[in-house]
Structures are given as structure tokens and as C-alpha cells.
Amino acid sequence: MKISLLLLLLIIPFWLNGQEYEKRIYTTTTTTTPPVVDGDLSDETWTKGEWGGDFVQFQPAEGAPVSQKTEFKVLYDNSNIYVAIKAYDTAPDSIVSRMSRRDNPDGDELYVYFDSYHDLRTAFGFGVSAAGVKTDLVMTDDGASEDETFDPIWYVKTSITDWGWTAEMRIPLTQLRFSASETQIWGFEVQRIIYRHDETDFWQPIPRNTSGLVHQAGLLEGIQNIKPRTLFDITPYGVAKLETYEGEAGNPWLDGTDFKATAGIDAKIGITNNMILSLTVNPDFGQVEADPSVVNLTAFESFFEEKRPFFIESKNITDYNLGLGQGSSGNDNLFYSRRIGRNPRLPYSPGENEYTYTPSFTPILGAAKLTGKSGKGWSVGALEAVTAEVSTKVYNEETGKTTYVTAEPFANFAVARVQKDIKEGNTIIGGMMTSTIRSIEPTTEDYYHKNATSGGIDFTQYFGDKNYIFQLRTAFSNIQGTAADIARTQRSAIHNFIRPDADYVEYDTTRTSLSGFGGNLMAGKIGGNFNVIYLSSWKSPGLELNDIGYMRVADQYIGVAVFNYNIYKPFSIFNQMSFGTNIIHAHDFGGTLTNLGSEFSWQTQFRNLWSTYFGGQVYGNEIDNNLLRGGPSIKVPGNAAVYGGIDTDDRKKFVAELNVDYRWGFEDVFKSTAISLDLRYRPVSTLSLSVEPGWEQTFNKMQYVTTASIINGVDAPRYVFGFIDQKILSLSFRIDYNITPDLTIQYWGQPFFGSGDYNEFKYITDQSAAEEIYTDRFHNYLPAEIMFNDADGIYNIDENLDGTVDYSFENPDFTISEYLHNLVVRWEFLPGSTAYLVWSQTRNYFTDDGTFDLATQANNLFADNKPFNVFLVKFSYRFGLR
């Protein structure tokens, strides 16, 4: 009996949910005399109404008394919400006031949040630092997601006094979304960050182990007889661009210099107060930072973040994640906006006496996006985009004629997403559809899907004050094209219908369409200190999302059991701590268990605000269906990893972060070491410097090289592998100079050096999963069987030693050197009106010697290589017509 009672006492704390706090109410007051927004709260207007206060700590010690007093007042009229906040401080000279760029605050901060829909899931946030730098965001999914691309037109001023500092805000009602009710009740929260104490205080107390933030907010009452207002902003822009690069002799389109000028229009139109139509005609994103360099030796596509403003704004509304967890970055998704305006994909190899030119990107002729949420709980997101046909120009020097070959067809992309909140957001039902339609001609019909459709239905149910969740998403896809096009899709590494041991799929060369299904599941306890969740994701062999979505590989079921425990209350030398473990299993649609493993993690923050983490994983032998890229599955030895890192106190002028990752395969198949360092220094409040060096080295005895066909009549493909010694050195550095909150200079640069040196070539002889010793699955080429032809850069293979070359493959060695940089001067001279001055540069140098020599590579890159430069001036002016 005593033992049972002891076990019960030990178990109960793990399952307890967050502390319940009484819901607070603030009652606002109307005003007929708008205050002057200057940070001085001595206006007579601010004598009206009641000051709210009595803040409570959120962190580091939930529920503890605050170190400094805070008060606020909210007023309104028919056009605006006015907010005044007094941030008292007994040591005003210790207030941290650092200049930074909008949405990247630093130092002491104040925020107000309005759940003006009062759906308990969505909140509009307006924040400001002591230096006067704005931050604005939209919280969705009960605070699980934050969209900082929300850039409304609003006004704020701050002032540092001898008793603390103040913030005075004017938020036009056109920037908020609310119903037409005579009496308004909104969710409401006020937040203060005291930087030197790493302290966050809330007016409405919120437990740290809550499953969501928005539904925990207090209430704002007293707003009467305001009418929803619609937005109507038109922003024309003009761009002048000069490109300089290494010209090509004889090529009429690549003479070394190009000058271009273009113009377009962006617009935001309020269809209703709750529904916003965003338009862009002939958009230009020249100010957007380049993608970082990567080396990808897999058969699958790398994922890159979206950075173009039109597409990242409100992207959460069109998100339909099919991966594990709730994040969209890098996960399979029905919509991946970088498909729109991508690089042209159909290459053309020039013949003798021919010169070619293909544009780097597919022009977006125009795009429209409708987003919003009704007062009855309907969320809507719709996007339509049209991209131009792109042609490769081919000039024949002998005939003097120019011909055009399509590199990317004219295309229309459409996305529609709808969700309905029921029972105060505890039940959510939704769906999504996407469509891609291309104008196909004989030269492109075998390379592009003519039509691609995907969609799905999702359901979410919360229980127990949203501490428990059941979420199910389903998906389907259908693509249509010529028989050759659909056969190419079936053969791709993503689907692998030609795998000879996959008896549950059929490779059909006569198909003109292909369909598939997928989905994901999340169920478990997400609130409280102890979380238990089961996650799963599945994709049938025929599921194809990559026309407008992102999907790395099909034919897969992955399940993860997650166990996490979080300690939020400071104890001993720790501010907080969390640790957990995951159990992962994977299957293909033939029912084969392809992988089984476990992961663990531990992380903590100390009272001195340093933090550290440590983790690891162990996986058993894997049945890899994709390693042979069209060949049969192969059994691969298991692997393990350990990783960890440490961060210093990020409040200091100098901040450092170290991360180390070591992975190895059993039976000495591979080992990989990665080390990265992030150093940040702020010498003055307006200047921030950062440097991020990284080093990675991988030794892999089973690196895929190619699939070769036997020439001497033996009808058996050879899956050729090699031992690779791969090295990567990268250095990303950034300079941010913030002259004012509206005038900033940013510089980002990345030198990148990589190499891959192959040897010990081999071919697969018996990939059978029954083999327990992996070295019995391949044959290392004997010296007499493999000969390198240095003149042609190929390896010749003579397996039967009869003096005749049976097959060949190219030398896979590589040495790559790249340098990317962006210099951007940004001036928001009026709210919503911006001028940009941009200099972008790309340098790259490639050889096939496989040697890593930093001095030689740097010399080749900077001394013997002419860069591709882009100099750009962009000017936009906002006309607010309502």
C-alpha cells in the first residue's frame, strides 16, 4: 500500500496541467480628443480612463512578483485604438535601448496583443523597444505560430524619463480585424520585457506550461459602436538594375553587361474588414537575400526558405504540413511557394557554332492573395499566380539565325484553404485544394505535368482546456501528362516504381495520370510539464506534390512516440530544464519495417543565462529503398549520433554559441563531424556584427556514384559506389548598422569551400537483406579492373579482364568554391513607402580534382574569377486611399 501511494505521488506531478489564473478584464474608455503620439503622456487625453497594472512574472519565475512596476491605459475613438504604457524603473540608467531593424528588437520592450476576432486562436501584436523600434506580428494556432511579416501602418513613440520609459501608440482600426457587433469583447494582453533581468511580465498571468497563449489572454471590454473599416493601399514601384559578369565571346546576349528597368504595382484592398486582397503585378524581389550554399549528394531536393515578402506574408493561412510536428519549414507540404517563379528547368545543350541564353528565373506576371477570418470562425486563404513562358534563345553563328526553345512553360498556380473554428476553437475542421495548369507544347509535354491537383481535409480536436489534442490531416494528389512524362515521374527517386523488389507497385509506361494519398496524425498531451504525443506521417508511392508543394520522398510511413518533461520553475543553478526521448519507426507501403531507432535530448538554461543542450540517437539496420536509385532495396548498417552545444548570455555585447555534431555508422560504414560557431558582437547600440564559421567532414564508404550498363552484352546494371572524403568549410558573416528604426544598412556574405575525393570504387553484388555482413554485398574493383583515363576524366571498367572496356563512368571528384554577398540599404521614408539600394555578388569556381586546399581555392575564387554583380535601385510609394 505504501509503495502504491508513493508511486501515485510520483506520477501525479507529471500529469498535472498548468496553474489556473483568474481571467482579468480591462474596461477601455472612448475619447473625442486624440492624443498627440510623441511619447509624452502628459496630454489631457490620458487623464481619462483607468490605469491597468498589477503585472506578474512569466519568466524566469512564473507567478513571482515583478522587479519593476508597469501600468497601461487603452482609449479608442471611431478610427483608432490608443495605448499608453508606463514602464517604471528604479534604475532608469540601466534601461537597455538598442537601435535595430523593424521586427528585430533588442533591449527593453513593450507589447500589446488584441484577439479582436475573439476566436481564442489569433492575436495581433504591436510592440516597441525602448529605442523606438517597432515589432508587429500575428499569432495563429493559439500562439504556436507567429507571422512577423505582418507590417501594418501604425504609429508609436517612446521616451526615456527619470522614472522609467513610456510608449505611446496609435493603431488605426483599418489594421485590425473584428466583427460589426455593437459591443466588442476582445482578448487582450500586455507584455513587458526587462532585458537586464531576462524577465518577461504579463498583465494577465499565463502558466508557462500552457498548450497555447492566445486562449489564456485577458479580456478588453468597453468598446462600443465602432465600425469595421476597410483597407485600400496602392504601392507602385520602379526598379533599375545593372548586371556585370564574365562575358562569352560571340554570344550576343552575354556581353558582360546588362541594364534593365522595370515597374510594377503592389496593392492591399479590404474586401471587407476581415478579408484582405493582396495583389502584385510584375513583382521584383531583387532586395531579397540569396540562398546559402549547400552540397547535396543525395537523390532528393534541398529545401530553401521562402524570403520573398509577398509570399511569406500570412503564409500560415495557406500552410498544410504533411510532415511530423507542427512546423512547416523543411516539412512536406501541399504548398511550397518557391515553386512559383523558380529557375527554368528544361536545359538546352548548344551544338557547334551555337550560343544560348536562358533567364535565371521565371517571371511572375502577377499574383493575388485573399486572406482573412470572419467573425463566425471561418478562416480563408486563397492564392492565384501566373508565370510567363521562358525560352532559351539559341543563336547560330553560321546561319545568323536565332531560334527559341521553351525552358519553362506558361503556368497558372492556385491554392485555396478554408478552416472553421467551432466551440471556441476547441474543434477545427478545414480543407485545402491546389492546382497547377501548364500550357504544354510538343517540346515540353514529356518533361512537365500538364495538370496537377492536390488537396486534403483536416480535423483538430482539443480536450481538457486544450491540454490534449487529436489532429488528423489527409491528402490526395493527381497528376496528368503524356505517357512519357508520367513514366518519368514513376522512375524518379521520389517514387521509385521501377524498384524490382517492390511488388506492391506497378510501373506502367502507358499511364497518362498518377494518383496517390497521404496524411499525418498528432495525438496526445501537449499541455502541462509532461507531454506524451504520438506523431505519424504517411505518403503512398503515387503521391506527388512537387508541382506546387514540397515532398522529399514517397512510399513511406513514419511514426514517432514523443515523451518530454519540462521544468519551468527555477531551482538550484538552473532557470529551466527539459529532457525527453523519441521512439521512431518507419515502414514502406509493402509492410517492410525499414528503420527503428530512438533519440534523446536534454537542454537547460542556467541562472547566469548561459544555456546548453545535449542529445543523441541510435538506429538499427536500415532497409534503404532509395540508395540504389531505381535498384532493389539494400540493407545498410545502423548508425548513431551524439550532439551538443552551449550558448553564452545573449544580453551581453559579446555572445558566443558552439555546436558540435558527431555521427557514425556501425561496421565503420561512415563517420561525420560537424562543428559550428556563432559569434555576435555589438560594439555600440546601433551596430551589430556576427560571424558564423562552420566545418564539416564526412567519410562514407557507401556513397552512390552512378548506375552503369554493361556494354559486353550482360544485361545487368551495375550500381557503383565509392568511398568519399568530403570536406566543407563555410563562413557566414553579417553587419547590421541601424541608423534609425527606418534607415538601416545590412551586409551578408558567405564564402563556401567544399570538396569530395572518391576512391575505393565498388559495385553491389548481393543487396539481399538476409546478408548480415555488409561487406559481402559488394565487390571492390581490383586494380586490373578499373583504369582512370585522365584525358577524358572517366573511369573505364573491365570486369572480366578481357581487355575490352565493359562500361565507364565520369570522375565524381569535385572541388567547389563560392562566395555570395548582399549589401542592402533600406529607408522607409514614409510608413509603407520604401527605397532600396542593393549590391549582390556571386562568385563560383569548380574543378574535378577533389582536393581541399583553402589557399588555392580562395585564390581561384577571388583572383582568377570575375564575379556576377547586380546593382539595383528600387523605389516604392504607398498611396493610402482609405
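Author: In this predicted model, a residue is called buried under 20% relative accessible area, exposed over 50%, and partly exposed in between.

Reader: Why does Phe852 count as partly exposed?

Author: The relative accessibility of Phe852 is 24%. Partly exposed is the class between under 20% and over 50%, so Phe852 belongs there.

Reader: What makes Trp695 partly exposed?

Author: Trp695 has 28% relative accessibility, and the class between the two cut-offs therefore applies.

Reader: Why is the pair of Trp695 and Phe852 called edge-to-face?

Author: The ring centres of Trp695 and Phe852 are 5.6 Å apart, and a pair requires centres within 6.5 Å. Their planes stand at 75°; over 60 degrees counts as edge-to-face, so the name follows.

Reader: What makes this pair a tie between parts of the chain?

Author: Trp695 belongs to strand 38 (residues 687-708), whereas Phe852 is in the loop between strand 46 (833-847) and helix 4 (854-862). The pair therefore joins parts 157 residues apart in sequence.

Reader: How many aromatic pairs does the structure hold?

Author: There are 46 aromatic pairs.

Reader: Why is the pair of Tyr26 and Phe188 called tilted?

Author: The centres of these rings are 6.3 Å apart and the planes are at 35°. That angle is neither under 30 degrees, for stacked, nor over 60, for edge-to-face, so the pair is tilted. Tyr26 is in strand 1 (residues 25-27) and Phe188 in strand 12 (residues 183-194), 162 residues apart.

Reader: Are Tyr26 and Phe188 buried or exposed?

Author: Both Tyr26 and Phe188 are buried.

Note on methods: Residues are numbered from 1 along each chain as its sequence is written. This is a predicted model: local features need pLDDT of at least 70, side-chain atom pairs count only at pLDDT 80 or more; totals for chains, interfaces and linings use all residues. Side-chain values use heavy atoms; hydrogens and water are left out. Rings of Phe, Tyr and Trp (its six-membered ring) pair if their centres lie within 6.5 Å; planes under 30 degrees apart count as stacked, over 60 as edge-to-face and the rest as tilted. Helices (H or I, at least four residues) and strands (E, at least two) are DSSP runs, numbered from the N terminus. Buried means under 20% relative accessible area, exposed over 50%, partly exposed in between (1.4 Å probe, protein chains only).
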